[in-house]
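Student: Could you walk me through this one, a few spots at a time? I'd like to see the reasoning behind each answer.

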Amino acid sequence: MSIASHHKKVVVVGAGWAGLGATYHLAKQGYDVTLLEAGAYPGGLVAGWKTPGGRSVEAGIHGFWYPYRNIFSLTNELEINPFTHWTRSSQYSPNGLEVESPIFQDLPRLPTPLGTFVYTQFKRLPLIDRISALPLLYAVVDFDNSDEAWRRYDSVTARELFKQFGVSGRLYRESFEPMLLVGLFAPGEQCSAAATLGMLYYFILAHQPDFDVVWCRGTVGEKIFRPWVEHIEKLGAKVLANRRVTDVITENNKATGIVCGDEVFDADAVIFSVGITGMKKIVANSPTLQSRSEFRNLTNLGAVDVLAVRLWFDRKINIPLPSNACFGFDETTGWTFFDLNALHDEYRDGPGTVVEVDFYHANQFIPLQDKEIIPIVQQYLQSCVPAFAGAKVIDSSVIRLPQAVSHFAPGSYRHMLPATTSFSNVFMSGDWIITRHGSWSQEKAYVTGLEAANLVISQLGEGTYANVLPIEQDEAHIQTFRQLNRNWRQFSKSILPDFWLP
């Protein structure tokens, strides 16, 4: 395809991973792209900023896992080196250290999922409880990320799934639910079994190294998004902050413009790249979008509260590993803490200790004042690392993020949007959009941005498609088991009446 004519205008709404990904590729193809961001900075949830005292803060720490092939390809293309080395992680409860994870890629590779079970160092969880997870492998094989599999498992809660397959109560409480609280940001009874299987498989079970993770050596906004936006603007795209979409102008089933208050941005195609909460606000303000049931149905989707706390302590504290997940402190809340002296260049040689503590499904913390939150956080930290007990907090940042991250609740799949919409030139992207790629979180958001850019190119007929790297293929034995399972399902359908619930 030829390079696009400069009069082809594309408006992208939302400057997170998805929106920046779509904008970057379309700008490289010569399109006249305008990227609109409601906030003060590009980046969405991972936009970093400075406190009045000049200290860097952000809305939580985000890891970059081994399967993030497209994001790693992007940073290579931008010729930036924003990441730490691969790091080990640990898990704590109020009883102390529970689990330590190695760097899996450094160990002899075993057929999945043996490496995950053999090499993970459980400190208290008995072997009999770990073995109780084996029957769950059937569901892992059965869930192949197809539309049929999503509909089959999405109405079931994660807790029901684990109970059905005989997972022990202790394994659920001390392993699976903690993963859900920091991976899907909600307790098991509030998580879709389909989303649970997709998340667990992508991050942990598909291949032995998948749980290996690197971190940004500063805020993602500073280390990745700032140089990325500079590249985008050099290509001629416009990145406009503080632009809140209030309506969409349409004609003959096509979007012709995006309205932001008194401003109108003309468009030959539109890509929405915002989170669930942001999209619901846009629909609430837009009579045009409200006229379509697919957009009205977004009111059935929800999001989860996040609380991000950054503390500066007056002394050096020895934190064994830089990234840590915690469970059992609050029944419905998971939290993580990070040693920023080990992860961020800015604090590496500092005289004190800087810790980021992020709470997910943090409903009960959001109403508290900062002076109430900080002692709670320090108390939790000292349960994990006793040296925090004698340290003094000399500075702090508390960021409340109500309805900030996608909630993959049971039954939500039917209301999630695919990349295409009933408007012929309006496309969707983001970590909550239906895609068959198989990725999750930031990687999924970025991938769906590239996929939306490709749909624009297909619609407008000009430009070269973005190369979306697929996830690594299933190992041979998993492929065999999945094919056998598909064959059995097809055979069963051919001889049995089709009256079973999906």
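**Around His 437**

Tutor: In this predicted model, the side chains of His 437 and Ser 439 make a polar contact at 2.9 Å.

Student: Which backbone oxygen does the side chain of His 437 reach?

Tutor: Start with the neighbours: outside the four places on either side in sequence, His 437 touches residues including Val 468, Leu 469 and Pro 470. One of these supplies the oxygen, and the distance is 2.8 Å. The residue is Leu 469.

Student: Is His 437 buried or exposed?

Tutor: His 437 sits in the loop between strand 20 (426-428) and helix 16 (441-460). Its relative accessibility is 12%, and the cut-off for buried is under 20%. So His 437 counts as buried.

**Helix 1**

Student: How far apart are the end C-alpha atoms of helix 1, and what should the span be?

Tutor: Helix 1 covers residues 17-28, which is twelve residues. At 1.5 Å a residue, the expected span is 16 Å. That agrees with the distance between the end C-alpha atoms, 17 Å.

Student: How many of the twelve residues of helix 1 are buried?

Tutor: Among the buried ones are Trp 17, Gly 21, Tyr 24 and His 25. Helix 1 is largely enclosed by the rest of the structure, because the buried count is eleven of the twelve.

Student: And which residue with a positive phi follows helix 1?

Tutor: Look just past the helix for a phi near 90 degrees. That residue is Gly 30.

**Nonpolar cores**

Student: Which residues touch the most other members of the largest nonpolar core?

Tutor: This core holds 131 residues. Helix 9 gives the largest share of them, eleven residues. The residues touching the most other members are Trp 17, Phe 64, Trp 228, Phe 272 and Met 279.

Student: How many residues are in the second, separate core?

Tutor: Its members include Trp 335, Val 355, Cys 384 and Ala 391. The count for this second core is 26 residues.

Student: Back to Phe 64: which tryptophans is Phe 64 in contact with, leaving aside neighbours within four places in sequence?

Tutor: The contacts of Phe 64 include Ile 71, Phe 72, Val 213 and Gln 442. Among them are also two tryptophans, Trp 17 and Trp 86.

Student: What about Leu 200: buried or exposed?

Tutor: Leu 200 is in helix 9 (residues 193-205). Beyond four places in sequence, Leu 200 touches Phe 162, Phe 176, Met 179 and Leu 205. At 5% relative accessibility, Leu 200 is therefore classed as buried.

**The three-stranded sheet**

Student: Which strands stand at the edges of the open sheet?

Tutor: The sheet has three strands in the order 11-12-13, paired antiparallel. An edge strand has a single partner, so one of its sides has no neighbour in the sheet. The edge strands are strand 11 (247-251) and strand 13 (263-266).

Student: How many bridges join strand 11 to strand 12?

Tutor: These strands run antiparallel, with strand 12 covering residues 254-260. Thr 250 stands opposite Ala 255 in strand 12. The number of bridges is five.

Student: Which residue in the turn between strand 12 and strand 13 has a positive phi?

Tutor: Strand 12 and strand 13 pair over four bridges, and Cys 260 stands opposite Glu 263 in strand 13. They form a hairpin with two residues between them. With a phi of about 65 degrees, the residue is Gly 261.

Note on methods. Residues are numbered from 1 along each chain as its sequence is written. This is a predicted model: local features need pLDDT of at least 70, side-chain atom pairs count only at pLDDT 80 or more; totals for chains, interfaces and linings use all residues. Side-chain values use heavy atoms; hydrogens and water are left out. Buried means under 20% relative accessible area, exposed over 50%, partly exposed in between (1.4 Å probe, protein chains only). Contact means heavy atoms within 4.5 Å. A nonpolar core is a set of buried Ala, Val, Leu, Ile, Met, Phe, Trp, Tyr and Cys residues joined through side-chain atoms within 4.5 Å. The expected span of a helix is 1.5 Å times one less than its number of residues. Two strands pair if DSSP finds at least two bridges between them. A polar contact is a pair of N or O atoms within 3.5 Å; within protein, one must be able to donate a hydrogen and the other to accept it, and residues adjacent in sequence count only if both atoms are side-chain atoms.
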